[in-house]
Amino acid sequence: MKILVTGGAGYIGSHTCVELLNANYDAVVLDNLSNSSEKSLIRVKNITGKSLEFYKADLLNKKQIMTVFSDHKIDAVIHFAGLKAVGESVSMPLKYFHNNIIGTLNLLDVMNDFNVKNIVFSSSATVYGDPASLPITENFPLCATNPYGRTKLMIEEILQDIYRSDRNWNIALLRYFNPVGAHKSGEIGEDPFGIPNNLAPYISQVAVGLLPRVSIFGNNYDTPDGTGVRDYIHVVDLALGHLKTLPKLFTNPGLVVYNLGTGFGYSVLEMIKGFEAASGKTIPYKIVDKRPGDIAACWADPSKAETDLGWKADKTLSDMCKDAWNWQKKNPKGYR
């Protein structure tokens, strides 16, 4: 079977391509490389010993998407492509709405034209906003608190409307929690452009000497050590979640929703201690003011994915930190 992976050169996309190729799927990657590197795909081929097709193309250009579908008989799409920095989305909402939503509409138009109606959408736990209780199940109320999260929620709603209009579609909405870590080889990993927006790569860059210290935004939350708690999931576990979703999609399930998380929460200080243990280095940090919109704690109830898909996150916090550090020390400046 041939799977189109939009945004396949990115962090989660490249790890998913490894698992697809290892499972003997054919992978076609579409990526505009605006926040990723083609080097990741070269390394995917090296890791797996298998080839994939790559198109440098933009979802905002419908002709480029049509070329991919004309060249290949696509069985399903895994849709990662999109801008993803929460802070940037707050300052540049129009850019995020235009890129993420228009790009997705173009993709869905072309899929419909070519009668390809199987899609796995890379959504986010941000669609739950500030949850009233924990752990978070898939039937919680939805509420985005920033433009990035709102694009994810809007695309979910678009996909739901498409399914209501045409029951031939099979759609899986995968709501991720906080991906961290890297492939055990250290060949592919998270390579943010500029200053990292996420905690784990920020800690990694402090450990490798690229940044001076970690800023901890608040230490008086109602959590065990006062710092924010999140559900961190190893990126390889996350990639395997997509692999487990594809067979489900081919059983014609209609529209399905799954949380992909571990079911456990780790605090900022626990993450720092985990990286210290993995790297053998002291990670300096400074407590600063809370950021507006940040919530105290967030973690998933992933039991539905385990029941329906036979998927469960297996890797520990130690695994996440060791693999992230292995990637960072081998590639201190990422793919550059």
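**Exercise 1. Which elements cover the buried residues of helix 11?**

Solution. Start with the cover: it includes helix 2 (39-48), strand 7 (178-180), helix 7 (199-207), strand 10 (232-234), strand 12 (266-267) and helix 9 (268-279). Helices (H or I, at least four residues) and strands (E, at least two) are DSSP runs, numbered from the N terminus. Before going on, note that this is a predicted model, where local features need pLDDT of at least 70 and side-chain atom pairs count only at pLDDT 80 or more, while totals for chains, interfaces and linings use all residues. Residues are numbered from 1 along each chain as its sequence is written, and side-chain values use heavy atoms, with hydrogens and water left out.

Next, list what is being covered. The buried residues of helix 11 are Leu317, Met320, Cys321, Asp323, Ala324, Trp325, Asn326, Trp327 and Gln328. Here buried means under 20% relative accessible area, exposed over 50%, and partly exposed in between (1.4 Å probe, protein chains only).

Finally, check the length. Helix 11 runs over residues 317-330, which makes 14 residues, and its first and last C-alpha atoms are 20 Å apart. That is close to the 20 Å expected at 1.5 Å a residue; the expected span is 1.5 Å times one less than the number of residues.

**Exercise 2. How many disulfides does the count come to?**

Solution. Take the rule first: a disulfide is a pair of cysteine sulfur atoms within 2.5 Å. By this rule the count is zero. Now try two cysteines. For Cys143, the nearest cysteine sulfur belongs to Cys298 and is 13 Å away. For Cys321, the nearest is again that of Cys298, at 18 Å. Then compare their surroundings: Cys143 is partly exposed, with a relative accessible area of 44%, whereas Cys321 is buried at 0%.

**Exercise 3. Find where Asp191 and Arg336 lie, and say what their salt bridge ties together.**

Solution. A salt bridge is a side-chain nitrogen of Lys or Arg within 4 Å of a carboxyl oxygen of Asp or Glu. The whole structure holds nine salt bridges. In this one, the side chains of Asp191 and Arg336 meet at 3.3 Å, N to O. Asp191 sits in the loop between strand 7 and helix 7, and Arg336 in the segment after helix 11, so the pair ties together parts that are 145 residues apart in sequence. Asp191 is buried, at 12% relative accessible area, while Arg336 is exposed, at 58%.

**Exercise 4. How many residues apart are Arg164 and Asp161 in helix 6?**

Solution. Both belong to helix 6 (residues 147-165) and are three residues apart, about one turn of the helix. An α-helix has 3.6 residues a turn, so residues three or four places apart point the same way. The closest N and O atoms of the Arg164 and Asp161 salt bridge are 2.6 Å apart. Arg164 is exposed at 52%, and Asp161 is partly exposed at 46%.

**Exercise 5. Which residues is Thr145 in contact with, leaving aside its neighbours within four places in sequence?**

Solution. First locate Thr145: the loop between strand 5 (118-124) and helix 6. Its relative accessible area is 48%, partly exposed. Contact means heavy atoms within 4.5 Å, and with those neighbours set aside, Thr145 is in contact with Gly129, Asp130 and Arg150. One last step: Thr145 and Asp294 are 149 residues apart along the chain, and 9.3 Å separates their C-alpha atoms.
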